[in-house]
Amino acid sequence: MGDAFSRRLAVVLLASLSFLAIPGLASQTPLRVELQLEPPHLDPTLTAASTVAEALHLNVFQGLTRIDRHGEVQAALATRWEVSEDGLVYRFALRSDVRFHHGKTFDSAVAAYSLRRLLEVENANPQRHLFQAIRHVEEVGTHELRIELAQPDALLPFRLALSAAVIVHPDTVHTNRSHPVGTGPYRFVGWERNEGIRLRAFEAYWGEPPAIREALFTFTPNRVELENLLSEGAIDLYPDASSLTAHMPLMQRADYVIQDGLSEGEVLLAMNHGRTLFQDLRVRRALSHAIDREALLTIYPSIDPPLIGSHFSPRHPAYVDLSQRYPYDPERARKLLAEAGFSGETPIALTVPPTQYAERSSLYIASDLEAVGFEVELQRVSWGEWLRQVFTERDYDMTVIAHVEPMDIDIYARDDYYFNYHSETFRELWSRIEAQQDPAERHRLLAEAQRHLAEEAVHVFLFLKPQQAIRKSNLQGVWDDAPIPAVVLEELYWE
């Protein structure tokens, strides 16, 4: 039945070849950008949901620094910065010509307020742990900020470029969840559930006026409905279409282009180390041997993403290839489980969020695990349910998830993270990494951290999530890779 449906869908899509790109029609506003998951709210400082950052980071909200399409840290609301020789003091020079969308000015007082708010426990910023080295934030005049650290943190400029560290105005922090106000090139117009998020170019923006004047972010979790929208030419940009099955027909069309790239998303079969079963290293290693990761990659019909063996991106210069540390070996998996005294009598739940990569890969994973003696119950949940049940309440056995924040190996040093993984060895190692000012030595330590996670088989590390964008052929400026979860509208233009 599935094959027959795919053939019928292919015929429909190929029939659409006659719908050629018409420049006058393609350039009409608003630009429609399609994402899969509707966000829980619109404040990136209060949620780990990447879909909020995809729509709003660098569009509505900005930070002191930003990460560009090559993954490099650049100036944003700060024009430059310097660090003391001992690594304990950063000084940021701030832009003097910036206004928020509600008319208020940006200055050192607002910047200091945002950073202090980030550090307050009661505000529940999902990335607050990244900034724990900050001891004191001081305003130096109107447009300079001084940050004093308790210990050196060579990664601070990079971390300030993340969506959780965007600058917010004290007048709007209580309403940003439903009506976000920032300093970016686009202001928020409106958001209706099932209708999308509307943004419009901000006339008083401090930078160059963007070519795209209006954008609409829509959310379609149903794959069939999404592919129908693409076949109709209704979507201008779908930045993460890697696991769609309609690639071949779309590649034949004159009005669409498919770009191959990679995200920073390490896809994991994550284990809850609070469960007794996963506290046994033999069981964890058995899981890693049980999964046929090469076969798993067939969920992507026209791209071959790299396998990974630890929680680290192959795009980073400190990457160590550990992808073959646990080769597919069901017999070895059964032997390790037998040594651990595993009986298989108790089912284990695999909680699956509604992303396409998770839904499709979960079927392969469940089959592989059952082949070595596990009884697997698939629990399909909404994105909101996943955030509450897994991420917040930690009530799960295993889950399939992509961690898309760049350079986030630090999460294994957190005792309060949803993995429930505790390692004094890793915490001490991470402290040395943060304090290390020499890039070469820091890379050596990062390699050691990767090997530690692999040897511990903390999770089953699967692959780096591809970022295959589908765009209208005359829409230019789309990032090939996704070093951060963001659709940067101001770099887009119609040709």
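User: What does contact mean here, and which residues outside its sequence neighbourhood does E434 contact?

Analyst: Contact means heavy atoms within 4.5 Å. The model is a predicted one. E434 sits in helix α13. Leaving aside neighbours within four places in sequence, the residues in contact with E434 are P152, D153, A154 and R159.

User: Is E434 buried or exposed?

Analyst: Buried means under 20% relative accessible area. E434 has a relative accessible area of 17%. That value is under the cut-off, so E434 is buried.

User: How far apart in space are E434 and I409?

Analyst: In sequence, E434 and I409 are 25 residues apart. The distance in space is taken from C-alpha to C-alpha. It comes to 12 Å.

User: How many helices and strands does the protein have?

Analyst: Helix α13, home of E434, is one of the helices. The protein as a whole has 14 helices and 20 strands.

User: Why does the protein count as compact as a globular protein of that length?

Analyst: The protein has 495 residues. For that length, the globule rule gives 23 Å. The protein counts as compact as such a globular protein because its radius of gyration is close to that value, at 23 Å.

User: What share of the residues is buried?

Analyst: The C-alpha atoms fill a box of roughly 65 × 65 × 40 Å along the principal axes. The protein exposes about 19,800 Å², and carbon and sulfur atoms supply 48% of that. Of the 495 residues, the buried share is 56%.

User: What part of the contacts with a separation of 6 or more comes from residues 24 or more positions apart?

Analyst: Take the contacts in the protein with a separation of 6 or more. Residues 24 or more positions apart account for 72%.

User: How many aromatic pairs are there, and why is the pair of W386 and Y418 edge-to-face?

Analyst: A search of the whole structure finds 17 aromatic pairs. In one of them, the ring centres of W386 and Y418 are 5.7 Å apart. Planes over 60 degrees apart count as edge-to-face. The planes of W386 and Y418 stand at 80°, so the pair is edge-to-face.

User: Where in the chain do W386 and Y418 lie, and how many residues apart are they?

Analyst: W386 is in helix α12, residues 383–392. Y418 is in the loop between β16 (398–403) and α13 (424–435). The pair links distant parts of the chain, 32 residues apart.

User: Are W386 and Y418 buried or exposed?

Analyst: W386 has 3% relative accessibility. Y418 has a relative accessible area of 1%. Both values are under 20%, so W386 and Y418 are buried.

User: What kind of aromatic pair do Y417 and F419 form?

Analyst: Both Y417 and F419 are buried. Their ring centres are 5.0 Å apart, with 80° between the planes. The pair is edge-to-face.

User: Which aromatic cluster holds W386 and Y418?

Analyst: W386 and Y418 belong to one aromatic cluster, along with Y417 and F419. Its full membership is W383, W386, F391, Y396, Y412, Y417, Y418, F419, Y421 and F426.

User: Which side chains make polar contacts with the side chain of N420?

Analyst: N420 lies in the loop between β16 and α13. Its relative accessible area is 15%, so N420 is buried. One polar contact is 2.8 Å and goes to N272. Another is 3.0 Å and goes to R394.

Notes. Residues are numbered from 1 along each chain as its sequence is written. This is a predicted model: local features need pLDDT of at least 70, side-chain atom pairs count only at pLDDT 80 or more; totals for chains, interfaces and linings use all residues. Side-chain values use heavy atoms; hydrogens and water are left out. Rings of Phe, Tyr and Trp (its six-membered ring) pair if their centres lie within 6.5 Å; planes under 30 degrees apart count as stacked, over 60 as edge-to-face and the rest as tilted. Helices (H or I, at least four residues) and strands (E, at least two) are DSSP runs, numbered from the N terminus. Buried means under 20% relative accessible area, exposed over 50%, partly exposed in between (1.4 Å probe, protein chains only). The radius of gyration is taken over C-alpha atoms; the globule rule is 2.2 Å times the number of residues to the power 0.38. Accessible areas come from the Shrake-Rupley method with a 1.4 Å probe; for residues, only the protein chains shown count as cover. A polar contact is a pair of N or O atoms within 3.5 Å; within protein, one must be able to donate a hydrogen and the other to accept it, and residues adjacent in sequence count only if both atoms are side-chain atoms.
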